[in-house]
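Subject: Structure for you to look at

Hello,

Here is the structure I said I would pass on. Please open it first; my notes follow below.

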Amino acid sequence: MSPNYKGTIFMKKYLLDLRVKAVERIHERYVLIKLTDDKPLPEMQPGQFVEVRVDGSPTTFLRRPISINFVDRVQNELWLLVAAVGDGTRRMAALQPGDVLNCLLPLGHGFTMPQSPDAKILLVGGGVGVAPLLYMGAEMQQKGIEPTFLLGARTAKDLLMLDIFKRYGRVFVTTEDGSEGEKGFVTNHSLLQKEHFSGIATCGPTPMMKAVAAYARKADVECEVSLENLMACGLGACLCCVEKTIEGNLCVCKDGPVFSTKRLLW
């Protein structure tokens, strides 16, 4: 890894009953859940995730892994961007202010944070995969490093939290139908031909991340991906989220979810 980067260190885990402060419907399929606590929230790093217990669901026996979307230290809020696609996540989307959500956090290893103010980092997201990139960009801005976001979606209405991303860095967009930004996929955007980056971080559908990884490999750029393998325990005990790597099989929840693409068999 480039000397401009510093890896994630071991962090203490917490089991907390967090209070729902707000639930905002930002799309027909997505809600933004803002959680808070009476005490200051624990330290969390971009790319880490939360295991959420879903109460009252007869079909949801295991906790649900949700990426850390943002941490607002001023308001003492943890944001979770949730796609309401199954019974468990639909119940989360139906939460009301004042409800309690039991969370195990922070879990996994996050993105490598650039250290040099001269670092030029591209953050590439697709669909709900944009979630961890917002916190990454905000933390970079805090260090005096301007991030560049490249966000992709099917249509303009599927672009998530665009106005908030613009608070933290430059934002470029692609849509498959051309309804906003450039038409096509993120790897087709003209930005990739016009500018050179010292590092790339990406999260989204696996085909998109593989395409970004291929671009990075060709451009000889460091690239990290946040994998979204199915998880159960979140602690590396159940082995259901295993990914094949050059080091053998690794648990995405414990050894990731963020990996350098040089470690993956892509």
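Which residue of β17 stands opposite E224? I will come to that after the overall picture. Please keep in mind that this is a predicted model.

Overall

The chain has 266 residues, and a compact globule with that number of residues would have a radius of gyration near 18 Å; the chain's value is 18 Å, so the two agree. Along the principal axes, its C-alpha atoms fill a box of roughly 50 × 40 × 35 Å. Of the 266 residues, 55% are buried. The exposed surface comes to about 12300 Å², and 51% of this is supplied by carbon and sulfur atoms. Six helices and 17 strands are found in the chain. If you take the contacts between residues at least 6 apart in sequence, 62% of them join residues at least 24 apart.

The open sheet

Strands of a sheet pair through backbone hydrogen bonds, and the pairing is either parallel or antiparallel. One sheet here is open and mixed, with seven strands in the order β12-β11-β10-β9-β13-β14-β17. Its edges are β12 (182-183) and β17 (258-260); each has a single partner strand, so one side of each has no neighbour in the sheet. For β17, an antiparallel pairing over three bridges joins it to β14 (residues 222-226). This is where the opening question is settled: the residue opposite E224 is S260.

Two helices pack on this sheet. Helix α2 touches β9 (121-126), β10 (148-153) and β13 (199-203), and its direction makes about 160° with that of β9. Helix α5 (residues 206-219) touches β9, β13 and β14, with its direction at about 170° to that of β13.

The barrel

Six strands form a closed barrel, β2-β3-β6-β5-β4-β7, with antiparallel pairing. On average, neighbouring strands in it are turned by 45° against each other, direction ignored. One of the pairings is between β4 (residues 49-52) and β7 (residues 100-107), antiparallel and over three bridges. Within these strands, V52 of β4 has C103 of β7 opposite.

Helix α2

Helix α2 also lies across two barrel strands, namely β5 (64-72) and β6 (77-83), and runs at about 30° to β5. How many of its twelve residues are buried? Nine are, so to speak of α2 (residues 131-142) as mostly covered is fair. The buried ones are A131, P132, L133, L134, Y135, M136, G137, A138 and M140. Just after the helix, G144 has a positive phi of about 80°.

The cores

In soluble globular proteins, nonpolar side chains tend to be buried together. In this model, the largest nonpolar core holds 57 residues, and L35, L78, M92 and M161 have the most contacts inside it. Helix α2 gives the most to this core, namely seven residues. Leaving aside residues up to four places away in sequence, L35 touches L18, R19, V20, K21, N76, E77, L78, L80, L101 and C103. L78 is thus on both lists, while C103 is also the residue opposite V52. A second core, separate from that one, has 28 residues, among them V124, F197, M209 and V212.

Regards

Terms used:
Residues numbered from 1 in each chain as written. Predicted model: local features only at pLDDT ≥ 70, side-chain atom pairs only at ≥ 80, totals over all residues. Heavy atoms only, no water. Buried < 20%, exposed > 50% of the residue type's maximum accessible area, 1.4 Å probe, protein only. Helix = DSSP H or I, 4+ residues; strand = E, 2+ residues; numbered from the N terminus. Pairing = 2+ DSSP bridges. Axes fitted to C-alpha atoms, helices over the stretch in contact; angles between N-to-C directions. Contact = heavy atoms within 4.5 Å. Core = buried A, V, L, I, M, F, W, Y, C linked by side-chain atoms within 4.5 Å. Rg over C-alpha atoms; globule rule 2.2 N^0.38 Å. Areas by Shrake-Rupley, 256 points an atom, 1.4 Å probe, with all protein chains shown as cover.
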